[in-house]
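Here's a quick look at a metal site and the empty space around it. Have the viewer open while you read.

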Amino acid sequence: MAVLPIITIPDPVLRKISDPVERVDDAVVKLMDDMLETMYAAPGVGLAAPQVGVLKRVAVIDAAEDGQPPNPIAMANPEIVALGSTTRLHEEGCLSIPDVRVEIERPAAVTVRYIDRAGKEQELAAEGLLATVIQHEIDHLDGQLIIDFLSRLKRDIIIRKFKKQARS
Ligand code: NI
């Protein structure tokens, strides 16, 4: 396993739509394992493949509470198949936008269908932080970022700041 470099804004890769995984082969398993190691090293609770420069629909998540045993989840082709009717407000961060937090209201519960590390189809009913992180990571696979939930003015201020940092 390897810790991979994490891409930050304004890298245009983060705005691309990722391609579905055709088969969970050795290369995809290695990607999942490297992404998990990268996520834990960061540390973070989720990571999507575009954040390490790979435009494939792969995401890894561990939304276990502090003090709980680790709960690594690796997903290929995650797809939301049901949304709860209530919402949850959470201040989200993103490893690709360091030191920025955005309060986002999303459905509080989701059911996600995906292919697991063993190539098996899974369906997972999630709520709380896990539901939030699943939606955040799927957004990445569609080129969407937490700053898209801000007003255009606030978003532009953040993008300008990161462009300036990238130049220096
Ligand atoms: Ni993120």
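What follows walks through the metal site, then the pocket and the cavity, and ends with one strand residue.

**The nickel site**

Keep in mind that this is a predicted model. Which protein atoms hold the nickel ion? The donors are SG of Cys-94 plus the NE2 atoms of His-136 and His-140, and they lie 2.1 to 2.3 Å from the metal. Written along the chain, the donor spacing reads C-x41-H-x3-H. Cys-94 and His-136 sit 42 residues apart and tie together distant parts of the chain. Cys-94 is in the loop between strand 4 (87-92) and strand 5 (102-107), while His-136 belongs to helix 2 (residues 128-141).

Are these two donors buried or exposed? Buried means under 20% relative accessible area. Cys-94 comes in at 9%, so it counts as buried. His-136 has 7%, so it is buried as well.

**The pocket and the cavity**

Now for the empty space. The largest pocket holds about 400 Å³, and 22 residues line it. Nearest its centre are Val-45, Glu-92, Gly-93, Cys-94 and Arg-101, and Cys-94 is also one of the nickel donors. Strand 4 and helix 2 are the elements that give two or more residues to this pocket's lining. Helix 2 has the largest share, with six residues.

How many cavities of 30 Å³ or more turn up in the whole structure? The search finds one, with a volume of about 40 Å³. Its lining consists of Cys-94, Arg-106, His-136, Asp-139, His-140, Gln-144, Leu-145 and Ile-146. That list includes Cys-94, His-136 and His-140, the protein donors of the nickel ion. Helix 2 again gives the most, this time three residues.

Here is how the two linings split by residue class:

| Lining | Nonpolar | Polar | Charged |
|---|---|---|---|
| Largest pocket | nine residues | eight residues | five residues |
| Largest cavity | three residues | three residues | two residues |

**A strand residue: Thr-111**

Last stop is Thr-111, which lies in strand 6 (residues 109-115). Its relative accessibility is 19%, and the cut-off for buried is under 20%, so Thr-111 counts as buried. What does Thr-111 touch, leaving out residues up to four places away in sequence? One run of partners is Glu-79, Ile-80, Val-81 and Ala-82, and Thr-111 also touches Glu-123, Leu-124 and Ala-125.

Technical notes:
Residues numbered from 1 in each chain as written. Predicted model: local features only at pLDDT ≥ 70, side-chain atom pairs only at ≥ 80, totals over all residues. Heavy atoms only, no water. Donors = N, O, S within 2.8 Å, 3.2 Å for Na, K, Ca; no water. Helix = DSSP H or I, 4+ residues; strand = E, 2+ residues; numbered from the N terminus. Buried < 20%, exposed > 50% of the residue type's maximum accessible area, 1.4 Å probe, protein only. Contact = heavy atoms within 4.5 Å. 1 Å grid on protein atoms, 1.4 Å probe; cavity = no way out; pocket = protein on both sides within 12 Å on 5 of 7 lines; lining within 4 Å. Points joined across faces, edges and corners; volume = space filled by probe spheres on them. Nonpolar A, V, L, I, M, F, W, Y, C, P; charged D, E, K, R; others polar.
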